[in-house]
Structure formats: structure tokens, C-alpha cells
Amino acid sequence: MKLEKQAIFNALKTISVPGEGEDMVTSGAVTNVMTFGDEVIVDITIKNPSLQAKKKAEVEIMKAIHAEVHMKAQVKVNVRVDAPEKAPKNEIKGKPIPGIQNIIAVASGKGGVGKSTITANLAVSLQKMGFKVGILDADIYGPSIPIMFDVQDEKPLSVKVDGKQKMKPVESYGVKILSIGFFTKPDQAVVWRGPMASKALNQMIFDAAWGELDFLLVDLPPGTGDIHLSIVQAMPLTGAVVVSTPQNVALADAKKGVAMFQQDSINVPVLGIVENMAWFTPEELPENKYYIFGKEGASNLAADLDVRLLAQIPLVQSIREGGDVGHPAALQKDTILAEAFETMTRNSVEELVKRNDSLPPTEAVKITTMAGCAAVKK
């Protein structure tokens, strides 16, 4: 038995590619047909990458040839997928929050790595450079920004903006601040489920008179949970800065933090990683470095993930002291610490400029199903 190639083409004209209107031959989906006695090989290209579409195309071709040509023909189908290119990552358009030019999330997978310290000193450094800066303390369960700016006893005032009552952020060192810590007692634990915490955050975002800001820094809690999803759903993040120590257990969580922002359903550009507590330098021996938490861990992680190492911040006693008394270390003049925080800030701004030059504005993430909350695989 010899199969005729034309008969095969005629049979394939009776079926169409799954999800497309024209028959397989007219649409150009069939790229080649070869016959060898009772054997036939059909090469086909489809646009739908799903396994179901590929299987359906294969079955339809076999059925058509068996029905129209010969029921005992030995059919082999080679399916190639030529799916349209996806839009480049982060190329999503949306309207920014009025008056706020850039929203930067400061995150860490693990607690205790100094994320709030980095946020406070990044804010102060930006303000020293002449930028208008605000901080949203989104660490609902452990707000520490008010202490670090010596405003823990302050309360936001109510002001009228365009006929509506808004919260006026507390200001310290030229930085505008809102935190759940302003609305709770110092010894009061915040025992809230996710929806209540998210509602409080939305109020601090949208019911606040932030005014004109070049940067709004969002100090996120550790981990990758409800608060993080609420933030990316509520506001268009321009980018994220991830903080880690060089320690392996911190690096493992920092990697998850980076992966969270990079997963397809969130897709926020990661500006870089800050290695905090990179080494210990005692005040009396300023040239000495003791790698208490390991050496170059976050630097290696940044290289592995192809993101920038924004800075290595040493473990120096005055950083802790400055945070405890509400006087961020970046306010120091002509010190190693001031220089380290200035380097971190300049590198962050540089990465932000690159991001804004190469990508359109981002928009708030729209997560409507549990698919957006799936485990991150990177």
C-alpha cells in the first residue's frame, strides 16, 4: 500500500488547528508531509503552547488520515509550538499615585537583618541629597520606624485636602512618616488577621496627605505573606531593595524575597541587594574587619541572581545607638558609615534611573485568584 501525499493534504484540509478558524493546510500550520509506503509523517506548527492543544492537534490529524485516506495508515505527527513572544517583563502601564514619583519596597525574607535600619538610613540619605522622601512603615506587627526617627510619641494630625479629611504624616529630619506604631500603645500587641492589617495599610496609603514626594519607601515586614500581597495590589511599586546579612540562613530567605518580586504575577524590578552587618569593625580598631556572619554571602547571592550589590554596610556600634535614640547613622558627617550609606543610596538611585529609562511605569498587581499566591519557584 502506497499513500499519496495529495490525499494526505486533502484530508488535513478537513480539520483546523485548535483555537484557529482556517483548516490546517490553508493556515500554513502544516509545514511538511512525507510518505513511505503505508507510513506518513506530518510536521505541524501551532501557536497554542498548552499540552492539551498539542495532543488534540495530533489526534485530529490521525483521525482525519484514517477516515479520509486509509484506516491502517501508520501516522506520526511532529508538533512544533511557535507561541507569540510574551511582552518583556515589567512592561505594564498604569497611573502612579498622584504626587508620588517612585515607590520603593525595602524587604527581607528573614527578620532581624536590619531592614528597618536600612530603610531609615536610605530615607535620610535621599533627603540629604535634596529629594522629597516619605516612609510607609508597613511592618504592622513590629513597627520600628517611629523609634528610629524619635517620633514614637507623635500622632498624625488630620488635615483637609480637596474637601476630604486626610492624615498628615509625622515629619522628622525632613522625612514624612506614617506607621501603625502611631496608632497603638508602645506595649500593645497588634493581634490582627491579614484582612484587617491590609485595611489599615490601605488607609495609610490612600487616606494620607503625602503631598509631593520623589520617593516613598515602604518598610515591609519579613517573609512573603499577606502584607506583601496587599502592598503590590494597592500601589504600583517602582522597584524593590532586598536586605540580607551574609549568613546562610538569611541568604536563603533573601533569595525567596527576590523570587517573590520576580514571579510573573507580581513582577516588580529588584534594584539590588544590600549586605547588612557585612563585617564587624570596633571603634578603637577602625581598620579591622571581623566577619561574624560570614564573608561576601550577599555579594555572591547578588551575582547568582544577576542583581546589583548596592552596598556592604558594616556592623558598627553607632548604627545601633543611632537607631535606638532616633538619630539615623546616615546623619553623621565624614565617617565610614555616612560614606557607606551614601554609596548605598547613590547606587540605588542609579539602578532606579536605569529602570525608569528602560521600562514603562508599573501598575498595581491584580491578583484575583489563588494562582497569584502560589509558591514561588525560581
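Me: What makes β5 largely enclosed by the rest of the structure?
Reply: Five of the five residues of β5 are buried, so the strand is largely enclosed. Keep in mind that this is a predicted model.

Me: Which way do the residues of β5 point?
Reply: Val133, Ile135 and Asp137 point one way, and Gly134 and Leu136 point the other way. All are buried. In a regular strand the side chains alternate between the two faces of the sheet.

Me: How do you know that β5 pairs with β9 and with β10?
Reply: A pair needs at least two bridges. Five bridges join β5 to β9, and the two run parallel. Five bridges also join β5 to β10, again in the parallel sense. Ile135 stands opposite Ile177 in β9, and Val133 stands opposite Phe215 in β10.

Me: Why is the sheet called mixed?
Reply: Strands of a sheet pair through backbone hydrogen bonds, either parallel or antiparallel. Here β5 and β9 run parallel, whereas β8 and β9 (residues 175-179) pair in the antiparallel sense over three bridges. In that antiparallel pair, Ser172 has Val175 of β9 as its bridge partner. The full order is β8-β9-β5-β10-β4-β11-β12-β13, eight strands in an open sheet.

Me: What makes β8 and β13 edge strands?
Reply: β8 (170-172) and β13 (309-315) each have a single partner strand, so one side of each is left without a neighbour in the sheet. From one strand to the next, the twist averages 25°.

Me: Which strands does α3 lie across, and at what angle does the helix run to β10?
Reply: Helix α3 (residues 115-128) lies across β4 (100-107), β5 (133-137), β9, β10 (213-219), β11 (239-244), β12 (270-280) and β13. The helix runs at about 170° to β10. Angles over 145 degrees count as roughly antiparallel, so α3 is roughly antiparallel to β10.

Me: How do you know that α8 packs on the sheet?
Reply: Helix α8 (residues 297-305) touches β12 and β13. The direction of α8 makes about 160° with that of β12. The buried residues of α8 are Gly297, Ala298, Ser299, Leu301, Ala302 and Leu305. These pack against α7 (248-262), β12 and β13. Just after α8, Asp306 takes a positive phi of about 60°.

Me: Why is α3 called roughly perpendicular to α10?
Reply: Two packed helices are described by the angle between their axes and the distance between the axes. The axes of α3 and α10 (residues 336-358) come within 9 Å and cross at roughly 80°. The range for roughly perpendicular is 65 to 115 degrees, so the label applies to α3 and α10.

Me: Which residues meet where α3 and α10 are in contact?
Reply: From α3 come Ile118, Asn121, Leu122, Ser125 and Leu126. From α10 come Phe341, Glu342, Met344, Thr345, Ser348 and Val349. They divide into six nonpolar, four polar and one charged.

Me: What does Met344 contact beyond its neighbours within four places in sequence?
Reply: Met344 is in contact with Ile118, Asn121, Leu122, Val274, Leu310, Ala311 and Ile313.

Me: Which residues have the most contacts inside the largest nonpolar core?
Reply: They are Phe149, Phe215, Leu217, Val274, Ile313, Phe341 and Met344, in a core of 39 residues. Apart from that core lies another, of 37 residues. Its members include Ile97, Leu213, Ile231 and Leu305.

Me: Why does Asp162 count as exposed?
Reply: The cut-off for exposed is over 50%. Asp162 has 78% relative accessibility, so it counts as exposed. Asp162 is in the loop between β6 (157-161) and β7 (164-168).

Me: Why is Met277 called buried?
Reply: Buried means under 20% relative accessible area. Met277 has 17%, so it is buried. Met277 lies in strand β12.

Me: What phi values do Asp162 and Met277 have?
Reply: Most residues other than glycine have a negative phi. Phi of Asp162 is near 55°, a positive value. Met277 has a positive phi of about 55°.

Me: How many helices and strands are there in the chain?
Reply: There are 10 helices and 13 strands. Of the 378 residues in the chain, 47% are buried.

How values were computed. Residues numbered from 1 in each chain as written. Predicted model: local features only at pLDDT ≥ 70, side-chain atom pairs only at ≥ 80, totals over all residues. Heavy atoms only, no water. Core = buried A, V, L, I, M, F, W, Y, C linked by side-chain atoms within 4.5 Å. Buried < 20%, exposed > 50% of the residue type's maximum accessible area, 1.4 Å probe, protein only. Contact = heavy atoms within 4.5 Å. Helix = DSSP H or I, 4+ residues; strand = E, 2+ residues; numbered from the N terminus. Axes fitted to C-alpha atoms, helices over the stretch in contact; angles between N-to-C directions. Parallel < 35°, antiparallel > 145°, perpendicular 65-115°, else oblique. Nonpolar A, V, L, I, M, F, W, Y, C, P; charged D, E, K, R; others polar.
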